[in-house]
Amino acid sequence: MRLFIVLGLLILAMCWELLENIDQSSTGDKSPVIHAGDKSTISVTYTGYERSQDWKDFIQKRDKLLKHIAKYPQEPEFKKDLAEIKRQMQAFKRDVVQLHEEINKIPLNTERLKLAKQFFDTGDFDKARAILDAEQITSEQDALLERQQELKAKQEQIQKQLDDKANEWLLKAQLTAIDYTLGDKRIPTTCQYFEKALKSGRAPERLFQYALFLQNNNQFKTGDKIYQEALKEYRELAKANPSVYLPDVAMTLNNLGNLVSVDSSRRTEAEALYKEALDIRRELAKANPSVYLPDVAMTLNNLGNLVSDDSSRRTEAEALYKEALDIRRELAKANPSVYLP
């Protein structure tokens, strides 16, 4: 008899210890959990998981295992299963609380979302999942994607037509630029047509043509601004496709250097522009000398003009001119009609 009493007390003690260690979330424990994507902690205030069938199933499995352990305290598999259930309960609770936080951030712009949240808040997760019908959502999404493609194709067609309008305005602007019968109206009228071309899109090649007209007609302030915008656009394009757009970067730098050099207070800025253009053109000429060596000579000549204005730098200017001359002599051997001038 005494043996049975001792065994009974041992079993009761083991059960009590197990009950103490069971996840307290089943009794409304407010232990902290981690924010999804955040290292800070919060207190659990959402208890909808306790009303869910999933949680009830966990409780049922846990209680069943407790009975087995009480009845067979020496069986290790039951304890192992109990530990796994406890781990799943903690993970479930954590995930549901984090999901509650995420759902509260979602804009509920559809009835389906509103209903899913209502079911979630009451712990009816099965209904929440069911209302988000995968087949229906897929059908609606596919229809929207198809419509998006149609609109994209339509937008591309519209942009193509706008580009055609831009080219018409550019040609009209350039034809107006040579109409000297307009007198004082020639420049403002031409600028008006260039601006209309830019309404179709401020493409760098359009900006460059506009800036070149302004430069050639002594509209330096506006020309500077337009060149700067073109340069910024060409630099961006050259990042992705240097072989195509670096020549345009160099050309714009060279022209901007010409424009800036007119202002004696900006000679240092002009020199930096020329030198950057020269560096780019030297690199391009290494791979394709017949195409880019003439540009190298041009920028050397421009830089020589700038440097020669400083009497203390005449030797430097002479070296620049001589290098430009050497390049042009070589080019003239193959194509005298172009390069002898």
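This section describes the helices of a predicted model, with attention to helix packing, one buried phenylalanine and one loop asparagine.

The secondary structure of the protein comprises 14 helices and two strands. Of the 341 residues in the protein, 33% are buried. When contacts between residues at least 6 apart in sequence are considered, 53% of them join residues at least 24 apart.

Helix α3 covers residues 76-103. Its 28 residues reach 40 Å from the first C-alpha to the last, close to the 40 Å expected at 1.5 Å a residue. The buried residues of α3 include Leu82, Ile85, Met89, Val96 and Val97. Lys93, His100 and Glu101 are also among the buried residues of this helix. Phenylalanine 92 lies in α3 as well. Phenylalanine 92 has a relative accessibility of 16% and therefore counts as buried, since the cut-off for a buried residue is under 20%. Residues up to four places away in sequence being left out, phenylalanine 92 touches Tyr49, Ser52, Asp54, Trp55, Phe58 and Phe125. In the case of tryptophan 55, the separation from phenylalanine 92 is 37 residues in sequence, and the C-alpha atoms of the two residues are 8.2 Å apart in space.

Helix α8, residues 204-216, has 13 residues. From its first C-alpha to its last α8 reaches 18 Å, close to the 18 Å expected at 1.5 Å a residue. The buried residues of α8 are Pro204, Arg206, Leu207, Phe208, Tyr210, Ala211, Phe213, Leu214 and Gln215. These buried residues pack against four helices, namely α6 (134-177), α7 (186-198), α9 (220-240) and α10.

Two packed helices are described by the angle between their axes and the distance between the axes. For α8 and α10 (residues 242-260), the axes come within 11 Å and cross at roughly 20 degrees. The angle makes α8 roughly parallel to α10, because angles under 35 degrees count as roughly parallel. The crossing of α8 with α10 is left-handed. On the α8 side the contact is formed by Phe208, Leu212 and Gln215, and on the α10 side by Met251, Thr252, Asn255, Asn258 and Leu259. Four of the residues in this contact are nonpolar, four are polar and none is charged.

Helix α10 also packs with helix α12 (residues 289-308), and here the axes come within 11 Å and cross at roughly 20 degrees. The two helices are therefore roughly parallel to each other. The crossing of α10 and α12 is left-handed. Pro247, Asn254 and Asn258 in α10 meet Tyr292, Met298, Thr299 and Asn302 in α12. The residues of this contact comprise three nonpolar, four polar and no charged. Asn258 of α10 thus takes part in the contact with α8 and in the contact with α12.

The remaining feature concerns the chain just after α8. Most residues other than glycine have a negative phi. Asparagine 218, just after α8, takes a positive phi of about 60 degrees, although the residue is not a glycine. Asparagine 218 is placed in the loop between α8 and α9. The relative accessible area of asparagine 218 is 55%, so the residue counts as exposed, the cut-off for an exposed residue being over 50%.

Note on methods:
Residues are numbered from 1 along each chain as its sequence is written. This is a predicted model: local features need pLDDT of at least 70, side-chain atom pairs count only at pLDDT 80 or more; totals for chains, interfaces and linings use all residues. Side-chain values use heavy atoms; hydrogens and water are left out. Axes are lines fitted to C-alpha atoms, for helices over the stretch in contact, and angles run from 0 to 180 degrees between N-to-C directions. Angles under 35 degrees count as roughly parallel, over 145 as roughly antiparallel, 65 to 115 as roughly perpendicular and the rest as oblique. A crossing is left-handed if the near helix is turned anticlockwise from the far one by less than a right angle, and right-handed if clockwise. Contact means heavy atoms within 4.5 Å. Ala, Val, Leu, Ile, Met, Phe, Trp, Tyr, Cys and Pro count as nonpolar, Asp, Glu, Lys and Arg as charged, and the others, Gly among them, as polar. The expected span of a helix is 1.5 Å times one less than its number of residues. Buried means under 20% relative accessible area, exposed over 50%, partly exposed in between (1.4 Å probe, protein chains only).
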